[in-house]
Amino acid sequence: MTTAPATTPQAAMRLRELVFGAACAAAVRAAARLGAADALGDTPATVTDLAADLGTEPRQLRRLLRALTCYGIFEELDGDRFAHTEMSRLLREDAPNSLRYISLWCTEPWTWEAWPRLDEAVRSGRNVFPELFGKEFFDYLHSDGGESAKVFDKAMTTSSRQSAADFAAYLDLTGIDSVVDIGGGQGHVLASLLEKHPALHGTLLDLPKVVAGADARLRTGGAFADRARLVPGDCREDIPVIADLYIIKNILEWDDGSTRRTLANVVAVARPGARVVVVENLVDDSPSMRFTTAMDLMLMLNVGGAKHSEASMVRLMTEAGLDVREVRPVNPYLHAFEAVVRG
């Protein structure tokens, strides 16, 4: 008879902490909704003063902040005072790299209904969202989402602006005169590139309602309007743009069929030798795997999509007719797949 190895107290404690992970997410959401980080200035403040500013009960606010200090969000000092930490400052709306709306988006009410159904999604291979809400995720979001849709838009805008700056700094545009950002949202990446490269011309391709809300710098009268073109369309159906460089950033997270169609549409229109850069979060070989694998599970639940491994992304690009030359990190969260269209 074999004896099972003894469980260490550390392992048992860590698992207990993990299964209470919802409490941590809920505490971050509560602090963001209350505006606790915005109310706390550069100097420590007492719970009584913070509670008065926020309109909360002091005792309950102290409990919330104390729970967050266990994760490095706020710091508890003597005299019943709390101070900012690097992470708590990211919950401020005015922080340069604010994560306030990302924190709210990832803890929206629908998420609490979807996460308990993860085992069903794993068994069936289907997203559970339509069974829960009677509609596909984006149909629900834009018709019934209400405040959640606004939070989503703000979260995506914040995230796009932050990553656009990193990507513009990463990208070498030597020999490139024209670029198209496929599924580029409001065009923050394109605007950043046009700002950095005064001779560059660019096109933003996205769904009509998305392009209609493009960055003001790209629209008529904007700073880059004479070098920017806005094209409404669905990249899974057609990409009617010829350019030196095609950028596909953070959109190839649908089912593989949609990804294949998008890549095939690029290859169909692009000149041989045209450069293609795909930018994605990876679920392997990344310092942000806890984050990206969590995103991967959320995609499984809400749209039936998936984040890619390096191997799966290279495989899909190669099958489409692209020669992948290099895979490089853009920042700790994003990797760029550098490729060219086969001759």
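Let's start with Glu120. Glu120 is partly exposed, with a relative accessible area of 30%. Glu120 also belongs to a network: salt bridges with shared partners join Arg117, Glu120, Arg126 and Glu131. One link in that network is the pair Glu120 and Arg117, whose side chains meet in a salt bridge at 2.7 Å, N to O.

A reminder before I go on. This is a predicted model. Every number you hear today is computed from that model.

So how many salt bridges does a search of the whole structure find? The count is 23. I'll take two further pairs.

First, helix 1, residues 9-19. Glu17 and Arg14 both sit in this helix. They are 3 residues apart, about one turn of the helix. Their side chains form a salt bridge, 3.3 Å from N to O. Are these two buried or exposed? Neither extreme. Glu17 has a relative accessible area of 38%, so it counts as partly exposed. Arg14 comes out at 40%, so it is partly exposed too.

Second, Asp78 and Arg81. This is a salt bridge as well, with the closest N and O atoms 2.9 Å apart. Look at the accessibility of each partner. Asp78 is exposed, because its relative accessible area is 60% and the cut-off for exposed is over 50%. Arg81 is partly exposed, at 28%.

Now to helix 2, residues 21-34. Does the length hold up, or what should we expect for the span? Helix 2 has 14 residues. At 1.5 Å a residue, the expected span is 20 Å. The end C-alpha atoms are 20 Å apart, so the two agree.

Which residues of helix 2 are buried? They are Cys24, Ala27, Val28, Arg29, Ala31 and Ala32. Note that an arginine, Arg29, is on that list. What covers these buried residues? The cover includes helix 3 (36-39) and helix 5 (58-69). It also includes helix 7 (100-105) and helix 8 (109-114). After helix 2 comes Gly35, and the phi of Gly35 is positive, near 80°.

Last, the annotation. UniProt, in an unreviewed entry, places the feature "domain: O-methyltransferase C-terminal" at residues 115-322. What is the chain made of over that stretch? Residues 115-322 are 46% helix and 13% strand. The end C-alpha atoms of the stretch are 36 Å apart.

That brings us back to the start. Glu120 and Arg117, with their 2.7 Å salt bridge, are joined with Arg126 and Glu131 in one network. Thanks, everyone.

Terms used:
Residues numbered from 1 in each chain as written. Predicted model: local features only at pLDDT ≥ 70, side-chain atom pairs only at ≥ 80, totals over all residues. Heavy atoms only, no water. Salt bridge = Lys/Arg side-chain N within 4 Å of Asp/Glu carboxyl O. Helix = DSSP H or I, 4+ residues; strand = E, 2+ residues; numbered from the N terminus. Buried < 20%, exposed > 50% of the residue type's maximum accessible area, 1.4 Å probe, protein only. UniProt positions renumbered as here; feature names shortened; annotations may be inferred. Expected span 1.5 Å × (residues − 1). Contact = heavy atoms within 4.5 Å.
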